[in-house]
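Trainee: Before we discuss this model, could you take me through the reasoning behind the terms used for it, setting each value against its cut-off?

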Amino acid sequence: MSDSSGRPRRQTRNIRLTVSIVLLFIAVIVGGFVYRIQQPRVMTPAEMKVNGLYLLQTPRNFGELKLIDHHGEAFGRDRLEGRWSLVFFGFTYCPDICPTTMAFLDTFMAQLQGTEAEDTQVVMVSVDPARDTVQQLAEYIPYFNDDFIGVTGEFLDIHRFATALNTPFRKVPGQEANYLVDHSANVVLINPRGDYHGFFKTPLDQAKMKVTFRSARILWEKGL
């Protein structure tokens, strides 16, 4: 039998099937292209370095921690495992760098979505434990973000931790009660194994930090 155009019905079905297959193939190609261009581009370690994130060739185990958070609870290495941590060394009496960096990190965290937001935490470790008591940190940290963690402890424990993360600090000499502390303004990156993964070098930039952080996560998850 033939259709209205005079072609056999089998031929008509074959033509329709061929057209459907071609259209499906085109849809798959176009869909794949759209998906790829929507995915964030993964930077190489060299590109990340140019954009401010310096990754260690081999993440470093910095040992155990014996510190305390601003809720009065123990803060050990386990508190840095199972998630990504952005660690900043500062102090509550800092007049400029510290509040600026903490506000920057609050804005940065607000831009993260989905898994990135869920498994990322911000930790400020005090380089001035003599004045930064648990109570002092408990008043200071929530001012920037209720989810941020403030950490203090014995001076030698903090100094050992900072040294292991290449973030030196020292009390400015020649001052009395209102002394300042010189310290690095870099933000340290700790991976979910609790290892020192790298650091974001100042000056910090929201857009660059977001794309480099995402790239570092993807590379780590792929085992690269």
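Mentor: Let us begin with Pro-203, which lies in the loop between β10 (196–200) and α7 (206–221). Please keep in mind throughout that this is a predicted model.

Trainee: What makes the peptide bond from Thr-202 to Pro-203 cis?

Mentor: The bond from Thr-202 to Pro-203 has an omega near 0°, and that is the value behind the word cis. As background, most peptide bonds are trans.

Trainee: What is notable about the phi of Asn-166?

Mentor: Asn-166 has a positive phi of about 55° although it is not a glycine. In general, most residues other than glycine have a negative phi. The residue sits in the loop between α6 (155–164) and β7 (169–171).

Trainee: Why is Asn-166 called partly exposed?

Mentor: The relative accessible area of Asn-166 is 45%, and because buried means under 20% and exposed means over 50%, a value in between counts as partly exposed.

Trainee: How do you know that Arg-79 and Asp-69 form a salt bridge?

Mentor: The closest N and O atoms of Arg-79 and Asp-69 are 2.9 Å apart, and the definition asks for a side-chain nitrogen of Lys or Arg within 4 Å of a carboxyl oxygen of Asp or Glu, so the pair qualifies. This pair links distant parts of the chain, with Arg-79 in the loop between β3 (74–75) and β4 (84–90) and Asp-69 in strand β2 (residues 67–69), ten residues apart.

Trainee: Which of these two counts as buried and which as partly exposed?

Mentor: Asp-69 has 0% relative accessibility and therefore counts as buried, whereas Arg-79, at 23%, counts as partly exposed.

Trainee: How many salt bridges does a search of the whole structure find?

Mentor: The search of the whole structure finds eight. One of the pairs is Glu-81 with Arg-77, whose side chains meet at 3.5 Å, N to O, and this value also satisfies the requirement of being within 4 Å. Arg-77 is buried at 7% relative accessibility, while Glu-81 is partly exposed at 36%.

Trainee: What network includes Arg-77 and Glu-81?

Mentor: Arg-77, Glu-81 and Asp-195 are linked in a network of salt bridges.

Trainee: What makes Asp-128 and Arg-131 a salt bridge, and are these residues buried or exposed?

Mentor: The closest N and O atoms of Asp-128 and Arg-131 are 2.6 Å apart, which meets the cut-off of within 4 Å. Asp-128 is buried, with a relative accessible area of 2%, and Arg-131, at 15% relative accessibility, counts as buried as well, because the term applies under 20%.

Trainee: Why are α3 and α5 described as oblique to each other?

Mentor: The axes of helix α3 (residues 97–111) and α5 come within 9 Å and cross at roughly 50°. Angles under 35 degrees count as roughly parallel and those of 65 to 115 as roughly perpendicular; the crossing angle falls in neither range, and α3 and α5 are therefore oblique to each other. In this packing, Cys-98, Pro-99, Met-102, Ala-103 and Asp-106 in α3 meet Tyr-140, Ile-141 and Phe-144 in α5.

Trainee: How do you know that β5 and β6 pair, and in which sense do they run?

Mentor: Three bridges join strand β5 (residues 120–126) to β6, and since at least two bridges are required, the two strands count as paired; they run parallel. The chain crosses from β5 through helix α5 (residues 134–144) to β6, and this β-α-β crossover is right-handed. Within β6, Val-151 is the bridge partner of Val-125.

Trainee: What joins β2 to β6?

Mentor: Two bridges join β2 to β6, and these strands run antiparallel; the bridge count meets the requirement of at least two. Here Ile-68 has Thr-152 in β6 as its bridge partner.

Trainee: What makes both faces of β6 count as covered?

Mentor: Ile-149 and Val-151 on one side of β6 and Gly-150 and Thr-152 on the other are all buried.

Trainee: How many residues of β4 are buried, and which strands pair with β4?

Mentor: Seven of the seven residues of β4 are buried, with Trp-84, Leu-86, Phe-88 and Gly-90 on one side and Ser-85, Val-87 and Phe-89 on the other. β4 pairs with β5 in the parallel sense over seven bridges, and four bridges join β4 to strand β9 (residues 187–190), which runs antiparallel to β4. Phe-88 stands opposite Met-124 in β5 and has Val-187 as its bridge partner in β9.

How values were computed:
Residues numbered from 1 in each chain as written. Predicted model: local features only at pLDDT ≥ 70, side-chain atom pairs only at ≥ 80, totals over all residues. Heavy atoms only, no water. Buried < 20%, exposed > 50% of the residue type's maximum accessible area, 1.4 Å probe, protein only. Right-handed = clockwise from strand over helix to strand, strands pointing away. Axes fitted to C-alpha atoms, helices over the stretch in contact; angles between N-to-C directions. Parallel < 35°, antiparallel > 145°, perpendicular 65-115°, else oblique. Contact = heavy atoms within 4.5 Å.
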